[in-house]
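This report concerns a protein model with a bound ligand. Please consult the sequence and structure shown below alongside the text.

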Amino acid sequence: KTLQKKFRTCLKILKVLMSKKNSDINFPFLQPVDPIALNLPNYFDVVKNPMDLGTISNNLMNWKYKTIDQFVDDLNLVFYNCFQFNPEGNEVHSMGKKLKELFNFHWLE
Ligand SMILES: Cc1ccc(Nc2c(-c3ccc(O)cc3)nc3c(C)cccn23)cc1
């Protein structure tokens, strides 16, 4: 696959992950976490490298990712941060899990 084709795949998947029809599971991940607004004062103590789907989308549009792996690494960082901050059983944890399953389904198809 050419690099362009791979980038089109990334864009397509990002569109699914960020789409309105998945808003029940993606809304905490669409933009950078604002610990003040969300009253999560210890967020940056737990999450050292914040990442979100909006930032990934901007990076993709600005050709910041030189390889597909860099794109996948940032996506996995969103999930990693979610599971680090939100323990198993927490509502946001299960939203992150569902979003990761959605990614794997489309990425591996
Ligand atoms: C059921 C439930 C409970 C709390 C929240 N908090 C929260 C989060 C969040 C993001 C990342 C994260 O690691 C933890 C929380 N983002 C939001 C947003 C954008 C709006 C409203 C609440 N938000 C969301 C859903």
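## Cysteines

In this predicted model, Cys 82 has a relative accessible area of 4%. Cys 82 is therefore buried, since the limit for that class is under 20%. Cys 10 is also counted as buried, because its relative accessibility is 0%. Across the whole structure, the search for disulfides returns zero.

## Ligand site

The ligand occupies the largest pocket. The residues that surround the ligand are Phe 27, Pro 28, Gln 31, Val 33, Leu 38, Leu 40, Tyr 43, Phe 85, Asn 86, Glu 91 and Val 92. By class, this shell around the ligand comprises eight nonpolar residues, two polar residues and one charged residue.

## Polar contact and coverage

Which residue has a side-chain N or O atom 2.8 Å from an oxygen atom of the ligand? That residue is Asn 86, which also belongs to the set surrounding the ligand. On its own, the ligand has 530 Å² of accessible area, and the protein covers 66% of this area.

How values were computed: Residues are numbered from 1 along each chain as its sequence is written. This is a predicted model: local features need pLDDT of at least 70, side-chain atom pairs count only at pLDDT 80 or more; totals for chains, interfaces and linings use all residues. Side-chain values use heavy atoms; hydrogens and water are left out. A residue is near a molecule or strand if one of its heavy atoms lies within 4 Å of it. A polar contact is a pair of N or O atoms within 3.5 Å; within protein, one must be able to donate a hydrogen and the other to accept it, and residues adjacent in sequence count only if both atoms are side-chain atoms. Accessible areas come from the Shrake-Rupley method with a 1.4 Å probe; for residues, only the protein chains shown count as cover. On a 1 Å grid over the protein atoms alone, a cavity is a set of points where a 1.4 Å probe fits but cannot get out, and a pocket is an open set with protein on both sides within 12 Å along at least five of seven lines; lining residues have an atom within 4 Å of a point. A molecule sits in a cavity or pocket if more than half of its atoms lie within 2 Å of its grid points. Ala, Val, Leu, Ile, Met, Phe, Trp, Tyr, Cys and Pro count as nonpolar, Asp, Glu, Lys and Arg as charged, and the others, Gly among them, as polar. A disulfide is a pair of cysteine sulfur atoms within 2.5 Å. Buried means under 20% relative accessible area, exposed over 50%, partly exposed in between (1.4 Å probe, protein chains only).
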